[in-house]
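Please open the model in your viewer and keep the sequence alongside it, since each stop on this tour begins with something to select.

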Amino acid sequence: MGFSSFNFDPKISAGIRALGYSKPTPIQLQSMAPILQGRDVMGLAQTGTGKTAAFALPILQRLLTGSRNVTRALILAPTRELADQIQEAFRELGRQTGLRSITVYGGVGAGPQVSGLRSGVEIVVACPGRLLDHLQHGVFKPSRLDVLVVDEADRMFDMGFLPDIRKILKQLPAHRQTLLFSATMPDDIRKLAHEILRQPVTVQVDHTVPLATVSHALYPVVEHLKAALLTKLLEQAGGSTVLIFTRTKHRAKRLAQRLHDQGLDATSLQGNLSQNRRKAALEGFRDGKFNIMVATDIASRGIDISQITHVINFDVPDTTEAYTHRIGRTGRAAKTGDAFTFVTHDDEAMVRDIERALGARIERRKIEGFDYAARQPAVSAPAARQSHHGAHAPRQPGPVESGDKSAGGVHGRFSRFRFRKRRR
Ligand code: AMP
């Protein structure tokens, strides 16, 4: 079934064509018809499945008729980066519709947001905190709202946004269409969905299983050799765009600095940066100025950079959901990707949980020629100085986890990776 069966207005079909979408993705096939009918929808889908267009296209279609110069669609998103991305999708898909959209979030000046909201921009994509400010100051007036989307609801909950969302919900017109998307369905989200959705249609696309386009591997290593192993992996790797995750902001910053000092085009994205620097890092990574980004979980949800070929978990994530989200940054839009995870002895329980969630054992790999038994250097390496969880002393060398099936080399696209000299 193609997009034509949805009878989108030619102005919207032009947007679909401009983005090169030839046929709807499974989440779009399942959810666009009920959304076009005005039904509430509970969408269980992770990013990378095309869920943004699944709600953006029917919303644009709905807004083509009826009033202009009043805010009629509100999309709530957990991070500024995701908000930017959603607004970009509305802008591109709706280029010919004349419908206007803005983002509203903290960390940037409120001026443009205030004038946009006062002018009655039709589509508002917002993070909850700043939107609540505008609501409380009477700048955002939602009385004519037709559609509310709560995107990445589970992440909203993790980030503690639920109280703000509840305050916002109280001030929205009760008679509206509500769409709620979440990659996972913990009890709190189920409860929220029950409260805010009216007879919803539930659509579900592989909500707990990471994308099939991603292949996974574990690299057992002792803590103090992680940075050296990463260098070796990057030397040998064949991808061109690598996203590396660390557990803490500090570790992200230090590791990016270390890679930068090694002459690599590396940047970092973590919550200690100002919004402008976060934006510059992300844009630099998207544009190819940097081919390596070291990030905390701030980047694990929603970020859509289709050229990411490798995700490397320098530190194991805290939850299986975080693993799914992190590795969902690669293998996007039907491209393939590799997800590599460094694991120490302490990570065994989490590895078991991840394997259980994936329903498969993950291959253990070793890099040929790497000295896995090297002792901790007297002058500690940057990664070793970054203590585990930022609290404990660096660990002592220990034996590498056994059971490595594939000792000997790295695979496929890995061998083509080049060290690129940093542009100065
Ligand atoms: P999302 O899950 O919304 O973050 O979308 C993931 C990626 O898929 C984005 O780069 C979209 O532009 C792309 N995408 C969305 N719908 C389609 C489609 N029907 N065909 C091809 N790519 C799509």
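Select helix α13 to begin, and show with it α7 (153-158), β8, β9, β12, β13 and α14 (348-358), against which the buried residues of α13 pack. Bear in mind throughout that this is a predicted model. Helix α13 covers residues 320-327, and seven of its eight residues are buried, so the helix is largely enclosed by the rest of the structure. To see which ones these are, colour T320, A322, Y323, T324, H325, R326 and I327, which are the buried residues in α13.

Now widen the selection to the sheet on which this helix packs. Seven strands form an open sheet in the order β10-β11-β9-β12-β13-β8-β14, with parallel pairing. At its edges stand β10 (266-269) and β14 (363-364), each of which has a single partner strand, so one side of each is left without a neighbour in the sheet. Helix α13 touches β8, β9, β12 and β13 of this sheet, and its direction makes about 150 degrees with that of β12.

Starting from the β10 edge, select β10 together with strand β11 (residues 292-295), and you will find the two running parallel and joined by four bridges. Within this pairing, the bridge partner of L269 is A295 in β11.

Move next to strand β12 (residues 310-313) and show its side chains. In a regular strand the side chains alternate between the two faces of the sheet. Here H310 and I312 point one way, V311 and N313 point the other way, and all of them are buried. On one pairing of β12, four bridges join it in parallel to strand β9 (residues 242-245), where L243 stands opposite V311. In another pairing, β12 runs parallel to β13 and is joined to it by four bridges, with F340 in β13 as the bridge partner of I312.

Keep F340 on display and add Y219. The model holds seven aromatic pairs. Y219 and F340 form one that is edge-to-face, with 5.3 Å from centre to centre and 80 degrees between the planes. This pair links distant parts of the chain, since Y219 belongs to strand β8 (residues 214-220) and F340 to strand β13 (residues 337-343), 121 residues apart. Both partners are buried, Y219 with a relative accessible area of 0% and F340 with a relative accessible area of 0%.

For a further edge-to-face pair, select F370 and Y372, whose centres are 4.9 Å apart and whose planes make 75 degrees. F370 is buried at a relative accessible area of 14%, and Y372 also counts as buried, at 9% relative accessibility. Adding K366 to the view shows this lysine over the face of Y372, at 5.4 Å from the ring centre.

Return to Y219 and F340 and add F314 and F342, because ring pairs link Y219, F314, F340 and F342 into a cluster. One of these rings also has a lysine over its face: K226 lies 5.6 Å from the ring centre of F314.

Leave this region now and select the other sheet of the tour, an open one of seven strands in the order β3-β4-β2-β5-β6-β1-β7, with parallel pairing. Its edges are β3 (101-104) and β7 (201-205), each with a single partner strand, so one side of each lacks a neighbour in the sheet. On average, neighbouring strands of this sheet are turned by 15 degrees against each other, direction ignored.

Within this sheet, pick strand β2 (residues 73-76) and strand β5 (residues 147-150), which pair in the parallel sense over four bridges, and look for L76 opposite V150 in β5. Then show helix α5 (residues 111-118), which lies across β3 and β4 (123-126) and runs at about 135 degrees to β3.

The last stop is the nonpolar interior. Which residues touch the most other members of the largest nonpolar core? Of its 38 residues, these are F55, L57, I59, I75, F90, I123 and L179. Helix α3 (residues 51-64) contributes the largest share of this core, nine residues. Centre the view on F90, which, leaving aside residues up to four places away in sequence, touches F55, A56, I59, L60, I75, S101 and I123. Apart from this core lies another one, of 34 residues, which includes L74, V121, L131 and L132.

How values were computed:
Residues numbered from 1 in each chain as written. Predicted model: local features only at pLDDT ≥ 70, side-chain atom pairs only at ≥ 80, totals over all residues. Heavy atoms only, no water. Phe/Tyr/Trp six-rings, centres within 6.5 Å; stacked < 30°, edge-to-face > 60°. Buried < 20%, exposed > 50% of the residue type's maximum accessible area, 1.4 Å probe, protein only. Lys NZ or Arg CZ within 6 Å of the ring centre and 35° of its normal. Core = buried A, V, L, I, M, F, W, Y, C linked by side-chain atoms within 4.5 Å. Contact = heavy atoms within 4.5 Å. Pairing = 2+ DSSP bridges. Axes fitted to C-alpha atoms, helices over the stretch in contact; angles between N-to-C directions.
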